[in-house]
Amino acid sequence: MAEFSHVNERGEASMVDVSDKDATVREARAEGYVRMEPDTLQAIIDGNHHKGDVFGVARIAGIQAAKQTSLLIPLCHPLMLSKVAVDFDIDQSGSRIRVHALCKLTGQTGVEMEALTAVSVATLTLFDMCKAVDPGMVIEGIRVLEKKGGKTGHWEA
């Protein structure tokens, strides 16, 4: 079993030293869902939501969040991301929106946390923009789908 990397030999929280790692292209994809009432989903699809471009605001929020991950997660390294994409898929039969993010860079550590943060904040933004009309929305299923690069190579859910 792999050991926890953010704990030192005394059991204390510690930032991982990546200075000896090779810089490689690294990429991560994550997803999450916001389940809502069918009328709420339809209003978003039709562009009739009273707060305007729900997807545009959530996309920008997710991108900004990915860039700020090291300020939010204490032991994350600040990263120079080369690509952040946040997109949405409509699942009308499930009355939900799938949020997915891609983060990429050339560096010494992975970007899974950035992809997860992008998805988390984008789903929270969707919730925030729609909560007045649908306070029962559910955010669910946030997870890493894939990571590429680094010593461990390619991993896929």
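Me: Before we start, what does "buried" mean here, and what share of the 157 residues in the protein is buried?
Reply: Buried means under 20% relative accessible area. Keep in mind that we're looking at a predicted model. With that cut-off, the buried share of the 157 residues in the protein comes to 39%.

Me: Okay, what pattern does the protein follow along the sequence?
Reply: Start with the parts list: there are four helices and five strands. The C-alpha atoms fill a box of roughly 50 × 30 × 25 Å along the principal axes. Reading the helices and strands along the sequence gives β-α-α-α-β-β-α-β-β.

Me: In what order do the five strands sit in the sheet?
Reply: The sheet is open, and its pairing is antiparallel. S2 and S5 are the edge strands, each pairing on one side only. Going across, the order is S2-S3-S1-S4-S5.

Me: How many bridges pair S1 with S3?
Reply: S1 covers residues 24-35 and S3 covers residues 96-107. One pair to look for is Arg-35, whose bridge partner in S3 is Arg-96. The two strands are antiparallel, and the number of bridges between them is 12.

Me: And how many bridges join S1 to S4?
Reply: S4 is residues 138-148, and it runs antiparallel to S1. Among the pairs, Val-34 has Ile-139 as its bridge partner in S4, while Arg-29 is matched with Glu-146. The count of bridges joining S1 to S4 is eight.

Me: Over at the S2 edge, which residue in S3 is the bridge partner of Lys-83?
Reply: S2 and S3 run antiparallel and are joined by nine bridges. In one of these pairings, Lys-83 has a partner in S3, and that partner is Lys-104.

Me: At the other edge, which residue in the turn between S4 and S5 has a positive phi?
Reply: S5 is just residues 155-156, joined to S4 by two antiparallel bridges. In one pairing, Lys-147 is matched with Trp-155 in S5. S4 and S5 form a hairpin with six residues between them, and the turn residue with a positive phi, about 100°, is Gly-149.

Me: Ser-95 has a positive phi too, so is Ser-95 buried or exposed?
Reply: Ser-95 sits in the loop between S2 and S3. Its phi is about 50°, positive although Ser-95 is not a glycine. Its relative accessibility is 9%, and the buried cut-off is under 20%, so Ser-95 counts as buried.

Me: What about Val-138, how does it count at 28% relative accessibility?
Reply: Val-138 lies in S4, and it touches Tyr-33, Val-34 and Arg-35, leaving aside residues up to four places away in sequence. Buried needs under 20% and exposed needs over 50%. Because 28% falls in between, Val-138 counts as partly exposed.

Me: Now the helices: what span should the 14 residues of H2 have, and how far apart are the end C-alpha atoms?
Reply: The estimate uses 1.5 Å a residue, taken times one less than the number of residues. For H2 that gives an expected span of 20 Å, and it agrees with the model, where the end C-alpha atoms are 20 Å apart.

Me: Which strands does H4 lie across?
Reply: H4 has 19 residues, with an expected span of 27 Å that agrees with its end C-alpha atoms being 27 Å apart. Its buried residues include Leu-116, Val-119 and Met-129. H4 runs at about 25° to S1, and the strands it lies across are S1, S2, S3 and S4.

Me: How far apart are the axes of H2 and H4 where they pack?
Reply: Two packed helices are described by the angle between their axes and the distance between the axes. H2 (residues 54-67) meets H4 (residues 112-130) at an angle of about 145°, in a right-handed crossing. By class, their contact has 13 nonpolar, three polar and one charged residues. The distance between the axes is 7 Å.

Me: Last one: what share of the contacts with a separation of 6 or more joins residues 24 or more positions apart?
Reply: The buried residues of H2 give some examples of packing, with H1, H3, S2, S3 and H4 as partners. For the whole protein, take the contacts with a separation of 6 or more; the share from residues 24 or more positions apart is 70%.

Terms used. Residues numbered from 1 in each chain as written. Predicted model: local features only at pLDDT ≥ 70, side-chain atom pairs only at ≥ 80, totals over all residues. Heavy atoms only, no water. Axes fitted to C-alpha atoms, helices over the stretch in contact; angles between N-to-C directions. Left-handed = near helix turned anticlockwise from the far one by under 90°. Nonpolar A, V, L, I, M, F, W, Y, C, P; charged D, E, K, R; others polar. Pairing = 2+ DSSP bridges. Contact = heavy atoms within 4.5 Å. Buried < 20%, exposed > 50% of the residue type's maximum accessible area, 1.4 Å probe, protein only.
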